[in-house]
Amino acid sequence: MSQPVLTFTERGIYCPAGDFHIDPWRPVDRALITHGHADHARPGHGAYLATDGALPVIRHRLGEIAAEGIAYGEARQIGGAGVSFHPAGHLPGSAQIRVEVGGQVWVVSGDYKVVDDGLSEPFEPVPCHAFISECTFGLPVFTWPSQTEVAAEINAWWAANAAAGRTSMLGAYSLGKAQRLMSMLEPQGPILTHGAVEATNAVLRAQGYSLPETIQVMPDTDVKALKGALVIAPPSALGSAWARKFGPASTGFASGWMRLRGIRRRRGMDRGFVISDHADWPGLQEAIKSTGAETIYVTHGYTEIFSRWLKEQGHDAAIVPTEFGGEDGAESESTS
Amino acid sequence: MKRFARLFTEIDQTKKTTVKTKALADYFTHAPESDKLWCIALFSGRRPKRAVTTTNLREWAAERAGIPLWLLEESYPIVGDLAETIALVLPPPSQASDHSLSHWINVLRGLHDIPLEERKPRILNAWDQLDSTERFLFNKLITGGFRIGVSRKLMTRALAKATGQDEAVLAHKLMGGWTPETTSYHTLIEADDPAADQSRPYPFYLAYQLDEPPETLGPPEDWQAEWKWDGIRGQLILRDHAHHVWSRGEELMTDRFPEFARAADFLPPGTVLDGEIVAWEGTQPMPFSALQPRIGRKTVPKKLLREAPVILLAYDLLEENGTDLRDAPLCRRRARLDALLADMPAEAPVRASPLVPFADWEALAKTRAQARDFRAEGLMLKRRESPYLSGRKKGDWWKWKLDPLTVDAVMIYAQQGHGRRANLFTDFTFAVWQGNELVPFTKAYSGLTDKEFDEITAWVRKNTQQRFGPVRQVRPQHVFEIAFEGIQPSPRHKSGLALRFPRMSRWRHDKAPQEANTLDDLRALLAAYG
């Protein structure tokens with residue numbers, strides 16, 4: 001093979017033919033961004049390109065930036081590279097990025113999940129020669145229950161708390177997971193939100209995503225008058241003074257890491273709900289298979305184990321070191 | 001099994017003792033008797049004899065899950081629990097079943113009598129009928145260590161609540177050598193026959209550590225002081241012309257310490273003594289290291305019996321002439337003990353642990369400072385009027401230990417913990433200097449806060465120099481103060497010495513690795529206290 005479509009540099013994934021980076025972690029002139037989470041959309045780049053769906057949140061988080069939007073599936077030529085963005089199912093507006101140079105197609109997955117959460121644009125397999133896949137949960141112990149099962153579990157917990165006069169306090173990442181949760185639940189009372197969550201809600205609502213009614217908790221909100229409430233907040237807020245004003249409460253945390261009892265217990269919350277915006281073990285296999293790629297590069301997660309497994313399955317697999325965080329929970333306490 | 005799985009889930013989902021107690025009490029009220037008995041057994045450290053090895057389990061689970069064995073092995077340290085790892089990788093069950101806890105335990109017990117190749121289909125069949133939580137518990141029954149956030153004390157309290165019996169009475173009933181195979185729920189819990197089991201020990205009364213100055217305990221004349229020995233806490237029972245020796249962990253140690261067979265020559269039947277088993281050389285105990293070779297053994301070679309003969313340094317009399325004395329005040333029990341053991345010949349395997357006289361707290365503090373000269377770890381302070389309670393209770397018994405010995409050492413290896421500590425680096429190896437070389441001398445696992453473990457975990461991930469399986473060699477940068485209770489020679493270790501109860505007492509952020517102690521410093525401690 002001649003020049004590879006993408007190379008891996010200390011600034012991030014780079015396309016020599018188009019002279020751009022994808023989700024770079026050091027400042028670059030031109031960055032293509034898969035989604036708005038802080039470890040993928042970083043400040044300081046000269047120009048940003050992201051989906052129309054992802055851009056409002058990225059602007060909200062990064063402030064004044066030179067950015068351009070692109071529709072899913074829209075073909076764009078950048079130098080010698082043809083690029084397009086395709087739904088990754090990770091959160092509203094999230095994308096995989098397809099890069100084609102001289103007939104060779106590479107796809108950068110960003111973060112993804114293959115199940116339809118009802119809110120994000122569902123994951124779309126993109127046939128390619130090389131697939132750069134995340135593997136946050138690349139171990140066979142990670143298999144997710146269906147969203148319906150988890151929703152029923154959280155609804156039951158919320159209802160029991162409401163009946164017992166307790167507030168339900170659910171910790172979740174403020175972009176993506178929080179909105180997914182509020183959309184999938186059957187309201188058992190009012191939904192209250194932390195400021196960080198509500199700010200993202202406002203951005204998504206303005207884009208036309210439909211979210212249930214929520215009440216932002218303000219310093220003067222009489223939270224005790226709001227009986228049977230579910231509070232959705234970043235996990236860090238649940239342990240803070242902010243959380244104490246709600247009186248008697250049961251705490252829960254929604255994350256793929258809650259699949260493991262040790263991590264669940266260490267989190268010190270009453271309940272752990274197994275729900276993730278990353279692909280589980282079967283999801284990773286399914287995604288990789290559906291791309292038809294011969295070469296798989298694995299990034300952030302259990303890369304050594306996962307690449308060994310892929311090699312045994314007959315793939316050409318290699319590890320790419322990146323500086324992306326994982327899902328908020330175990331390895332990366334700081335990314336919320 | 002569904003009922004037991006529900007109980008487990010309720011317990012696992014809460015940190016509140018009251019909620020756990022209620023869940024257990026409900027179980028004890030509604031579950032069938034055979035299940036109740038097994039539940040009591042499991043939460044008091046008893047479990048069915050292991051019928052298959054964990055190696056078998058791993059292989060069968062990987063095969064059933066359709067993954068290579070190495071992938072299961074790699075997943076295990078990340079999950080931190082083998083029973084859980086297996087439960088998580090298996091495909092969903094294809095059959096439904098609602099067999100009881102006892103049914104599944106009987107399935108496991110039945111495996112002993114059949115050839116190995118017939119065990120596998122039975123285990124696979126069980127996995128195929130159990131949901132994820134039930135499987136986890138089923139696997140736990142095999143892999144052992146049924147620690148799921150229920151202490152024996154909590155279980156006893158719940159049982160008391162469910163049966164209306166007194167908690168201390170129940171605690172006593174649950175002591176001893178019974179298993180669900182040798183008794184029934186009715187015999188163990190409901191029948192009112194304390195003589196049912198002649199070997200049954202009394203629940204041990206455990207002391208708290210004294211962290212405040214002794215003056216806070218009130219007038220010194222209300223208290224008695226004894227040496228705190230560094231041996232094995234034991235209860236010697238003489239009943240019906242047989243003797244039994246129990247450890248605090250309720251392990252029967254009779255065969256391990258044949259010296260006590262002679263106790264019946266000197267003491268009447270119907271006697272129960274509480275004390276410390278120590279290796280004895282004429283006038284004082286030998287260091288704990290002399291006792292150590294006897295701990296792991298079921299039978300004792302003659303040479304060891306000659307070199308390190310043990311005796312019981314008795315400090316309490318729980319039963320005299322068959323009468324339970326535990327409600328009597330300590331001063332009266334002590335007087336009876338002294339009378340019983342007065343004029344004991346030198347060859348008797350029992351002696352009274354002497355009282356340490358003192359006029360005031362200040363004088364006693366001076367005596368305590370000399371504890372190591374008496375081969376003691378410090379003092380025990382006991383209220384003269386106290387009854388003999390069961391379990392760890394605050395107020396009447398205190399251990400007033402010497403300050404531990406300490407050295408400053410450099411962390412050189414790190415390993416992840418298990419269970420709740422999976423994914424966290426919690427197991428460390430420490431080294432001291434010998435010239436320009438760092439010589440490893442101890443491991444330590446405890447003493448840091450959760451926050452410090454998080455911090456050191458992040459650091460280890462970034463500063464790994466080399467990996468040896470699960471062990472990571474890290475940059476020698478961090479200095480920790482290691483506290484320990486004793487030091488002894490050990491030819492098995494590169495450093496030539498071993499510590500007793502090492503733990504991390506402080507993270508010395510203020511010290512550079514060069515400022516850590518040296519092997520010579522440790523050798524000096526060994527010469528002084530070994």
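**Exercise 1. The four-stranded sheet of chain B**

Determine the strand order of the open sheet of four strands in chain B, and state which strands stand at its edges.

*Solution.* Step 1. In this predicted model, the strands of the open sheet in chain B follow the order β2-β13-β11-β3, and their pairing is mixed.

Step 2. The edges are held by β2 (208-209) and β3 (223-229) of chain B; each has a single partner strand, so one side of each is left without a neighbour in the sheet.

Step 3. For β2(B), the pairing is with strand β13 (residues 397-401) of chain B, in the parallel sense and over two bridges. Within β13(B), B:Lys399 is the bridge partner of B:Gln209.

Step 4. Helix α16 (residues 330-341) of chain B lies across β3, β11 (376-383) and β13 of chain B. Relative to β3(B), helix α16 of chain B runs at about 60 degrees.

**Exercise 2. The six-stranded sheet of chain A**

Establish the order of the six strands in the open sheet of chain A, and identify the bridge partner of A:Gly252 in β17(A).

*Solution.* Step 1. The order in chain A is β14-β13-β15-β12-β16-β17, with parallel pairing.

Step 2. At the edges stand β14 (215-216) and β17 (271-273) of chain A, and because each has a single partner strand, one side of each lacks a neighbour in the sheet.

Step 3. Strand β16 (residues 249-254) of chain A pairs with β17(A) in the parallel sense over three bridges. The partner of A:Gly252 in β17(A) is A:Arg271.

Step 4. A helix, α4 (residues 195-207) of chain A, lies across β13 (191-193), β14 and β15 (230-233) of chain A, and its direction makes about 105 degrees with β13(A).

**Exercise 3. The interface of chain B and chain A**

Describe the contact between the two chains by its residues, buried area and polar interactions.

*Solution.* Step 1. Chain B contributes 28 residues to the contact and chain A contributes 24 residues.

Step 2. About 2,400 Å² is buried between chain B and chain A, with carbon and sulfur atoms giving 52% of that area.

Step 3. Four salt bridges are found across the interface. One of them joins B:Asp12 to A:Arg261, whose closest N and O atoms are 3.0 Å apart. Polar contact links seven residue pairs between the chains, counted with both residues at pLDDT 80 or more.

Step 4. On the side of chain B that touches chain A, the elements giving two or more residues are α1 (2-12), α5 (69-79) and α6 (82-89) of chain B. The most comes from α5(B), with six residues.

Step 5. By type, the residues on this side of chain B comprise 13 nonpolar, seven polar and eight charged.

Conventions:
Residues numbered from 1 in each chain as written. Chains lettered and ligands numbered in written order. Predicted model: local features only at pLDDT ≥ 70, side-chain atom pairs only at ≥ 80, totals over all residues. Heavy atoms only, no water. Pairing = 2+ DSSP bridges. Contact = heavy atoms within 4.5 Å. Axes fitted to C-alpha atoms, helices over the stretch in contact; angles between N-to-C directions. Buried area = accessible area lost by both parts, 1.4 Å probe. Salt bridge = Lys/Arg side-chain N within 4 Å of Asp/Glu carboxyl O. Polar contact = N/O pair within 3.5 Å; in protein donor to acceptor, adjacent residues only side chain to side chain. Nonpolar A, V, L, I, M, F, W, Y, C, P; charged D, E, K, R; others polar.
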